[in-house]
Amino acid sequence: MRVLAIESSCDDTGAAVVEDGKKILSNPVSSQVEVHRKYGGVVPELASRKHIETIIPVVRAALEEARTTLDDIDGVAVTCGPGLVGSLLVGLSVAKSIAYAKGKPWLGVNHIDGHLCAVLLEREDLVFPFLGLVVSGGHTSLYRVEEVGRTHLLGKTRDDAAGEVFDKVAKMLGLGYPGGPIIDRLSKYGSSGAVRFPRALLSSKTLDFSFSGLKTAVVNYLRAYPLGEDEQDRLIEVVSGFQEAVVDVLVRKAKQAARLERLERIVVSGGVASNGYLRQKFHEMAEDEGLEVFFPSPVLCTDNAAMIGVVGYHCLQKGWTSPLSLNAFANLPIPLEEIWTKGAPNPDPRPLNSDSRELP
Ligand code: KG4
Ligand code: ZN
């Protein structure tokens, strides 16, 4: 079964052809980093305009690279949320048009499910359930993942997402955009613990995160001890201290969640999951706890359409499809009954994507 997948929830325009939910035949992504760089963050209006320009060429490239045509596609999957509504609507309209014109089954996919299931493209042997941590520019959330498309929210950020804080701290220090990869690279030269920043909510009875206080702590530090232009060593100490604080919280909350939910496998995905220090610390924690930890390759951690194709494949296989009236959703939770007209995930006694879990 060949699924054409489309992803346009933020600032990347992606299209992919995925075979049987595991083989990527093509996965081109057109990045808008250059458009947004001078603003130090994504400008929604510019993002949707750029998606309009690039979506057809990207879909065409995906089909050509996969040596396939729209007639040979068995279904279409597209991100319907969460994300920037203007951006989402571009992909959604193209996907609906293709499905309608060609008479193909299609469905809307939750972007978060895509991040959580991207790993299946490389590890089809992965056993459910698992703990999923999505850590990106827009999200920082922990989930119990029962099966493809069926997740329970365990904890989420109460303010900024981890990637957003990487970007803001890098901007503050004049390091460029996106900040995550730059801080990751610089921190490799840093000494551990030289500058220590606070870890929010670690001792609280919640699996939620909070990163805005950390951002303020970096601001306050820089006010108290301004960085001179020639102080490269101290700059490295500051960014590595910041990175350690983010990673420490992510690792410790994930450990608590895995214990609480008695889960033996952890999947970490989203743009920040490319971070070298984060990967190292997760591997160390997993070894100590006797857990297995999985990371998609960096190219599948960041936004791409192949991950949407995986979810699309599994849901289309079950006969789930979406109505042409399906809209884009900016936020979570996305009402499941609106995504699928035909078929739906199994009812579950616990509410889907609702409130965070409390720790005992
Ligand atoms: O998943 P993604 O491509 O888009 C969103 O859905 O947000 O994630 C982008 C985010 C940006 O904030 C970027 O700074 C961060 O991921 N990021 C990183 C690294 N690579 C990307 N953060 C830390 N370390 C990295 N190596
Ligand atoms: Zn994403």
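These are my notebook entries on the ligand site and a few backbone oddities in a predicted model.

**Ground rules.** I number residues from 1 along each chain as its sequence is written, letter chains from A and number ligands from 1 in the order in which they are written. Since the model is predicted, local features need pLDDT of at least 70 and side-chain atom pairs pLDDT 80 or more, while totals for chains, interfaces and linings use all residues; side-chain values use heavy atoms, with hydrogens and water left out.

**Ligand 1, the shell.** I looked up the residues near ligand 1 (a heavy atom within 4 Å). There are 21 around ligand 1, and Gly-137, Asp-167, Asp-184, Gly-271 and Asn-275 come nearest. By class I get 5 nonpolar, 13 polar and 3 charged residues. For the classes, Ala, Val, Leu, Ile, Met, Phe, Trp, Tyr, Cys and Pro count as nonpolar, Asp, Glu, Lys and Arg as charged, and the others, Gly among them, as polar.

**Ligand 1, polar atoms.** Next I checked N and O pairs within 3.5 Å. A side-chain N or O atom of Asp-184 is 2.9 Å from a nitrogen atom of ligand 1. Asn-275 puts a polar side-chain atom 3.0 Å from a ligand nitrogen, and a backbone N or O atom of Gly-138 is 3.2 Å from a ligand oxygen. Taken alone, ligand 1 exposes 550 Å², and the protein buries 89% of that (Shrake-Rupley, 1.4 Å probe).

**Which elements?** I took helices (H or I, at least four residues) and strands (E, at least two) as DSSP runs, numbered from the N terminus. Those giving two or more residues to the shell are α4 (111–117), α5 (162–172) and α6 (179–187). α6 gives the most, with 4 residues.

**Cis peptides.** Most peptide bonds are trans, and I noted two that are cis. Gly-81 to Pro-82 has omega of about -10°, with Pro-82 in the loop between β5 (75–81) and α3 (85–102). Phe-128 to Pro-129 has omega near -5°, and Pro-129 is in the loop between α4 and β7 (130–135).

**Positive phi.** Arg-67 has phi near 50° without being a glycine; I found Arg-67 in the loop between α2 (44–65) and β5. Arg-67 is exposed, at 77% relative accessible area (exposed is over 50%, buried under 20%, partly exposed in between; 1.4 Å probe, protein chains only). Arg-262 also has a positive phi, about 50°, lies in the loop between α8 and β10 (265–269), and is exposed at 73%.

**Leu-250.** Buried or exposed? Leu-250, in helix α8 (residues 232–261), is buried, with a relative accessible area of 0%.

Methods. A polar contact is a pair of N or O atoms within 3.5 Å; within protein, one must be able to donate a hydrogen and the other to accept it, and residues adjacent in sequence count only if both atoms are side-chain atoms.
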